[in-house]
Amino acid sequence: MRMKTKDCFAQEVFVTRPNLPSIGELSPLIRKALKRRQVTNFGELHNQLEEGLREALGVKHVVLCCNGTMGLFLLLRALGLKGRVITTAFTFPATVHAVVMAGLEPLFCDIDPDDYTLDADEAEKKLRKDVSCILGVNVFGNPCDIEALGALGKKHGIPVIYDSAHAFFCRYKDKIIGGFGDAEVFSFHATKLFSTIEGGAVTTNNREIYLRLKELINFGIHSEDSVPGIGLNGKLSEIHAAFGLLSLDRIGPVLKKLQALSGCYRQMLSCVPGLKFQKSRPGSKVNNQYMTVEVLPEEFGLTRDQLHAALKKQNVITRKYFYPPAHRYECYSSSGFARSAELPDTDKVAERILCLPIYATLDMKDVKKICGLIRSIQKNAR
Ligand SMILES: Cc1ncc(COP(=O)(O)O)c(C=O)c1O
């Protein structure tokens, strides 16, 4: 399709861009760490960040980690689980790989076709004796059915944990995400709205989980003379903590900007036939870190892949998150848990979903232009 030159972007607009501090903001913190000659192993900046997050997330314990995947993996190990873990295939590879790497087997349940979170009714139907944990994903910041999953965990005496990689500063019923279930895991990767460049955290109100994790992220060491746990090196360095402290300071304006951009997308795209937005759980407040649309090909006139390609031609880079869903990864093609998974809604959403560019430094006029492009692609679709 031909676009007028003024409609195109001269340079690529990426789906996300990191929120970075200036070198001027960063250097005093780094300089102090260098002067102290403590650049990792639970230094002052690390401890300040843990404290800041405890306060911001209203949770008793925070364990900072070198990334969210490590946090997930070591949390699963800290819980001493066996057998199967109920989870979703509509997620980033890290969720399911962490389960498998921890020696556990995913038991996939389908998602709600409107909010994309784990279907609690299906989880209840599939729950059996060898299930030792429920792992929900607060996907694109939308909280899971926290009450239903919590009740299910309680009834069966198993922990409920959340992959909250997308859900920093999201809320559910006036409570900030971080203190729900037995523990939650965040990613602080550079693509996230709160970032330590690489990093993550496990948050919990359970002291036992906290103490076990503290050891597991430090090679399983308890004291100079005692190594009771099989742990790894999951620590966050002082340099990464410095980025985190500065990112925490800026979170308010970032959230405000993302909300405005998301509002603009929603307003300008709501009239486009064949585009569906993720539904938020009642009582939730998302952080707008992701701007997703589902492309319904019959009504839109093009498939998701065709829209993805058409936007790419105009230098607008979108992402098919999360496609393929985990039960369709090549690495699990011979695994019984993937082959036996029947997840029609997961497959449907994965075929249609598209993440549009959104990040704090994106100009509103660029969002308007992207919406204009999508409208004209749709109009010319047939
Ligand atoms: C849902 C989900 N879980 C886990 C992760 C892994 O986080 P990290 O990249 O910090 O290891 C990601 C990363 O984007 C994610 O999207």
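Colleague: Where does the largest pocket lie relative to domain 1 (23–249) and domain 2 (251–379)?
Modeller: Bear in mind this is a predicted model. The largest pocket has a volume of about 590 Å³. Domain 1 and domain 2 both give residues to its lining, so the largest pocket lies between them.

Colleague: Which residues lie nearest the centre of the largest pocket?
Modeller: There are 32 residues in the lining of the largest pocket. By class they split into 16 nonpolar, 12 polar and 4 charged. Nearest the centre you'll find Phe-92, His-189, Thr-191, Lys-192 and Tyr-290.

Colleague: And which element gives the largest share of the lining of the largest pocket?
Modeller: The elements giving two or more residues are helix 3 (68–78), helix 4 (93–101), strand 8 (183–187) and strand 13 (353–356). With 3 residues, the largest share comes from helix 3.

Colleague: Let's turn to the ligand. Which residues are the closest to the ligand?
Modeller: The ligand has 13 residues around it. The closest of them are Thr-69, Asp-163, His-166, Ser-187 and Lys-192.

Colleague: How far is an oxygen atom of the ligand from an N or O atom in the side chain of Thr-69?
Modeller: Three side chains are worth a look here. His-166 has a polar side-chain atom 2.8 Å from a ligand oxygen, and for Lys-192 a side-chain N or O atom sits 2.6 Å from an oxygen of the ligand. For Thr-69, the separation between a side-chain N or O atom and a ligand oxygen is 2.5 Å.

Colleague: What percentage of the area that the ligand exposes when taken alone does the protein bury?
Modeller: Start with the ligand taken alone, which exposes 390 Å². Put the protein back, and the part of that area it buries is 91%.

Colleague: What is the volume of the second largest pocket?
Modeller: Its lining includes Phe-169, Arg-171, Leu-255 and Gln-259, along with Val-286 and Asn-288. By class the lining has 3 nonpolar, 5 polar and 2 charged residues. Helix 9 gives the largest share, 4 residues. As for the volume of the second largest pocket, it's about 180 Å³.

Colleague: Now the closed spaces. Which residues are the closest to the centre of the largest cavity?
Modeller: The structure holds 2 cavities of 30 Å³ or more, and the largest cavity has a volume of about 120 Å³. Of the 13 residues lining the largest cavity, the closest to its centre are Phe-140, Arg-266, Gln-278, Val-286 and Tyr-290.

Colleague: Which elements give two or more residues to the lining of the largest cavity?
Modeller: By class, that lining has 4 nonpolar, 7 polar and 2 charged residues. Two elements reach the threshold of two or more residues: helix 9 (251–269) and strand 12 (291–295).

Colleague: Why is the second largest cavity said to lie between domain 1 (23–249) and domain 2 (251–379)?
Modeller: The second largest cavity has a volume of about 80 Å³. Of its 14 lining residues, Thr-16, Asn-19, Thr-191, Leu-193 and Tyr-359 are the closest to its centre, and the lining as a whole divides into 8 nonpolar, 4 polar and 2 charged residues. It lies between the domains because its lining takes residues from both domain 1 and domain 2.

Colleague: On to the backbone. In which loop does Phe-322 lie?
Modeller: Most peptide bonds are trans. The bond from Tyr-321 to Phe-322, though, is cis, with omega near 5°. Phe-322 lies in the loop between helix 11 (304–313) and helix 12 (336–339).

Colleague: What is omega for the peptide bond from Tyr-323 to Pro-324?
Modeller: Pro-324 is also found in the loop between helix 11 and helix 12. The bond from Tyr-323 to Pro-324 is cis, and its omega is near -5°.

Colleague: What about Phe-42: what is its phi?
Modeller: Most residues other than glycine have a negative phi. Phe-42, in the loop between helix 1 (23–36) and helix 2 (44–57), is not a glycine, yet its phi is positive, at about 60°.

Technical notes: Residues numbered from 1 in each chain as written. Predicted model: local features only at pLDDT ≥ 70, side-chain atom pairs only at ≥ 80, totals over all residues. Heavy atoms only, no water. 1 Å grid on protein atoms, 1.4 Å probe; cavity = no way out; pocket = protein on both sides within 12 Å on 5 of 7 lines; lining within 4 Å. Points joined across faces, edges and corners; volume = space filled by probe spheres on them. Nonpolar A, V, L, I, M, F, W, Y, C, P; charged D, E, K, R; others polar. Domains from an automatic or database assignment. Near = heavy atom within 4 Å. Polar contact = N/O pair within 3.5 Å; in protein donor to acceptor, adjacent residues only side chain to side chain. Areas by Shrake-Rupley, 256 points an atom, 1.4 Å probe, with all protein chains shown as cover.
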